[in-house]
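Subject: Structure handover and notes

Dear colleague,

Please find below the structure that I promised to pass on to you. My notes on what was found in it follow directly after.

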Amino acid sequence: MKIYKTDEIRNIALIGNAGSGKTTLAEAMLFEGGVINRRGEVTSKNTTSDYLPIEHEYGNSVFSTVLHSFSNNKKINIIDTPGMDDFRGGVVSALHVVGCSIITVNTPHGIESGTETAFRYTEQAGKPMIFVFNQLDHENVNFEQTIDQAKSIFGNKVTIVQYPLNAGAGFDSIVDVLKMKLYKYPKEGGKPEISDIPADEKDRAEELHNELVEMAAENDENLMELYFDKGTLTEDEMRQGIKLGMIDRSLFPVFCTGAKLNMGVGRLLEFIANITPSPNEAVEVPEINGKEVKKGDGAPTSLMVFKTTIEQHVGEITYFKVMSGTVKEGQDLIIAKNGNKERISQLFVSAGRNRDKVDAMNAGDIGATVKMKDVDVNNSLSEKSAGYKFAEIKFPTSRHTVALKAVNEADDEKVSESFQKLHDQDPTYKVEYSKELKQMLVHCQGEYHLNTLKWFYNNEFKLDIEFEKPRIPYRETITKLSQADYRHKKQSGGAGQFGEVHLFIEPYIEGVEPKTMVSMNGKDQKLSLRDTQEHPLAWGGKLVFHNCIVGGSIDARFLPAIMKGIMEKMEEGPLTGSYARDIRVYVYDGKMHPVDSNEISFKLAGRNAFSTAFKNAGPKILEPIYNLEVFVQSDRMGDVMSDLQSRRALIMGMGSERGYEKINAKVPLKEMYKYITALSSLTQGRGMFSLEFDGYEKVPQEVQDELLKAYEAEYEEA
């Protein structure tokens, strides 16, 4: 295969709602470019993209697929991405490395929730965008209505470059107002007959052409002057203006296709080759240390890894973008994260499962290699002289969490190893083992994402797993002063055990001075603060330990043991076994035995005295509270607000942003289980939310009573 220069390369991502025809469009693009000689179909499970068994079973994309095609002596790299929002990691990673995005619209369905979501991702990435109104050969197509809907949602930047003449079952003609030509296709699709626009369409085409000329001219002062002088622009001048408008995101061209019959696809490829920005013109991934990254001849080689897959009989395949210079087979590069050397043993250009070997690839191109030992997604590699490190892909935060465990405990290690393989392919899957909750927690994007995880365990890894509701990381604390003493005494032949501890506990409040006198049960107790230790706790809050022993009632060498016993009980709170926090302890008296006292005796005495005092100190359970931000269409506000109130949410404010109503609230984590599913149902998939930890607050008494009953029942069962 020819080695393409940087200005001969175009990189695009196909994004949009599930079912809008991205994979079918990609298949037609490959056919038009001569990469394949026969178009597959999603229903026949023989497309170049969507080639994995799970994608055949689901009937839609699960992972992004790297493809390529050709047009006008340009190489067009294509990344076909999943349409379901649960698999949005593939969309985000694709947009990170391409120069332009194509949003496919299922025209009979209009602008769907996935269309809006795809647009938001392009907005966040700042990437140029083309709307492709697809499936114009289906029944119930209303092109004008969908255009009006798109302009209402995305603004007047939505600009018609093409419109269909006879959308519907008999669709075969497209009017192109950039070229001012009619494209008429054979009944079964293929190469069009290009002719003049019919007389009865001339006025409409001229009007849309003039709108396009104005939109193009607005993006450059020189073009605007030409437009004022001549009243129009040439096709080349329009191309220049359209490209500038796309890069600036002030113009979103609309194209028309019937991808299943390969209608309009060749012209779309031609537009991509002629007008979308090359890697020399596109906004590229920045180098995080501020180094200048040159792409031209003689520039040092650098790559960025944006995707990995694992295939049977091949192993791990690493997909990268050449960020600078020329990468060659057999070249050694340095991994930025650790300084290790990695050899590029082979270079491939990908078309789904099919890969063609090449000797070299220039800056801006997208390729693949195999047998890399220490390279993951987001790794940067470069020649030692360059030392580049590129900005990482910011994958979406998790929206759904469950506990995962192997049905057979003997498979625990295999479950963890297998999860890592899946995480490498989809970094939006995350796992952690919570020592506190004694659960393996899986963080993902939603229930469909979770079901996909289970599919892989059952079908690829041959492991039985099950999901459980995750436990909540509660905290325990106290609300008032309390006193307790405990004597540990044990005698069983030989040396015995003896230790007695008297202590007070009270809530620790930042900035409040410790007590020097305590009144309780009609008695006053003076406290001599001989030593203070502050222990910031790993799980939040503090334990403050005061040594108030006078007269040697407890030897100083036993105080660390008392502290250890108290800390053990802090790690396993007296109410529900949750971590305790924000407590001040005064050890003021006790007794010891000259022979039988030892560290274990005082550890147990301190632990039990603390536990007793805790239960009498107005103990309260604290729950994690999160800041919730919800975006919802205005007609669904009432339903979403009612649902939030049922989840004990405290509404903090409301407003409008990007055409959506925004709700800010504080909500307990306990009430957010499966919220992604509920919100999707309430908003027809259009709602969005984000969560951020805020702090801990006391649970209502009725919730505390429920938690205590549940803990007691679990304890008795155990």
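A residue is called buried here when its relative accessible area is under 20%, exposed when that value is over 50%, and partly exposed in between. Please keep in mind throughout that this is a predicted model.

With that cut-off, helix α1 (residues 22–32) has nine of its 11 residues buried, and the helix is therefore largely enclosed by the rest of the structure. The buried residues are K22, T23, L25, A26, E27, A28, M29, L30 and E32. Just after α1 comes G34, whose phi is positive, at about 80°.

Next, the open sheet. Seven strands make it up, in the order β2-β3-β1-β4-β5-β11-β6, and their pairing is mixed. At its edges lie β2 (65–71) and β6 (158–160), each of which pairs on one side only, and from one strand to the next the twist averages 30°. Within this sheet, strand β1 (residues 9–16) runs parallel to strand β4 (residues 100–106), the two being joined by five bridges, and I15 has I103 as its bridge partner in β4. The loop between β2 and β3 (74–80) contains N72, a residue that is not a glycine and nevertheless has a positive phi of about 50°. N72 counts as partly exposed because its relative accessible area is 39%.

The aromatic residues deserve a paragraph of their own. The structure holds 22 aromatic pairs, and one of them is formed by F131 and F252, which meet edge-to-face with 6.4 Å from centre to centre and 85° between the planes. This pair links distant parts of the chain, since F131 belongs to strand β5 (residues 129–134) and F252 to strand β11 (residues 252–256), 121 residues apart. Are these two rings buried or exposed? F131 counts as buried because its relative accessibility is 0%, and F252 counts as buried because its own value is 1%. Both rings also belong to one aromatic cluster, which is formed by F119, F131, F154 and F252.

Turning to helix packing, two packed helices are described by the angle between their axes and the distance between the axes. For helix α8 (residues 235–247) and helix α9 (residues 265–275), the angle is about 85° and the axes are 10 Å apart; α8 and α9 are therefore roughly perpendicular to each other. On the α8 side the contact is made by R239, I242, K243 and M246, and on the α9 side by F271, N274 and I275. By class, the residues of this contact of α8 with α9 divide into four nonpolar, one polar and two charged.

Further along the chain, strand β24 (residues 439–444) is mostly covered, with six of its six residues buried. In a regular strand the side chains alternate between the two faces of the sheet. In β24, Q439, L441 and H443 point one way while M440, V442 and C444 point the other way, and all are buried. Strand β22 (residues 400–406) runs antiparallel to β24 and is joined to it by five bridges, with T401 having H443 as its bridge partner. Strand β23 (residues 430–434) likewise pairs with β24 in the antiparallel sense, over five bridges, and here Y433 has M440 as its partner. β23 and β24 form a hairpin with four residues between them, and K438 in the turn has a positive phi of about 55°.

Two more places concern backbone angles and strand pairing. N521, found in the loop between β29 (517–520) and β30 (523–526), has a positive phi of about 55° although it is not a glycine, and N521 counts as exposed because its relative accessibility is 77%. Strand β31 (residues 531–536) and strand β32 (residues 542–547) pair in the antiparallel sense over six bridges, with Q533 standing opposite F545 of β32. In the hairpin that β31 and β32 form, five residues lie between the strands, and G540 takes a positive phi near 105°.

With best regards

Conventions
Residues are numbered from 1 along each chain as its sequence is written. This is a predicted model: local features need pLDDT of at least 70, side-chain atom pairs count only at pLDDT 80 or more; totals for chains, interfaces and linings use all residues. Side-chain values use heavy atoms; hydrogens and water are left out. Axes are lines fitted to C-alpha atoms, for helices over the stretch in contact, and angles run from 0 to 180 degrees between N-to-C directions. Angles under 35 degrees count as roughly parallel, over 145 as roughly antiparallel, 65 to 115 as roughly perpendicular and the rest as oblique. Contact means heavy atoms within 4.5 Å. Ala, Val, Leu, Ile, Met, Phe, Trp, Tyr, Cys and Pro count as nonpolar, Asp, Glu, Lys and Arg as charged, and the others, Gly among them, as polar. Buried means under 20% relative accessible area, exposed over 50%, partly exposed in between (1.4 Å probe, protein chains only). Two strands pair if DSSP finds at least two bridges between them. Rings of Phe, Tyr and Trp (its six-membered ring) pair if their centres lie within 6.5 Å; planes under 30 degrees apart count as stacked, over 60 as edge-to-face and the rest as tilted.
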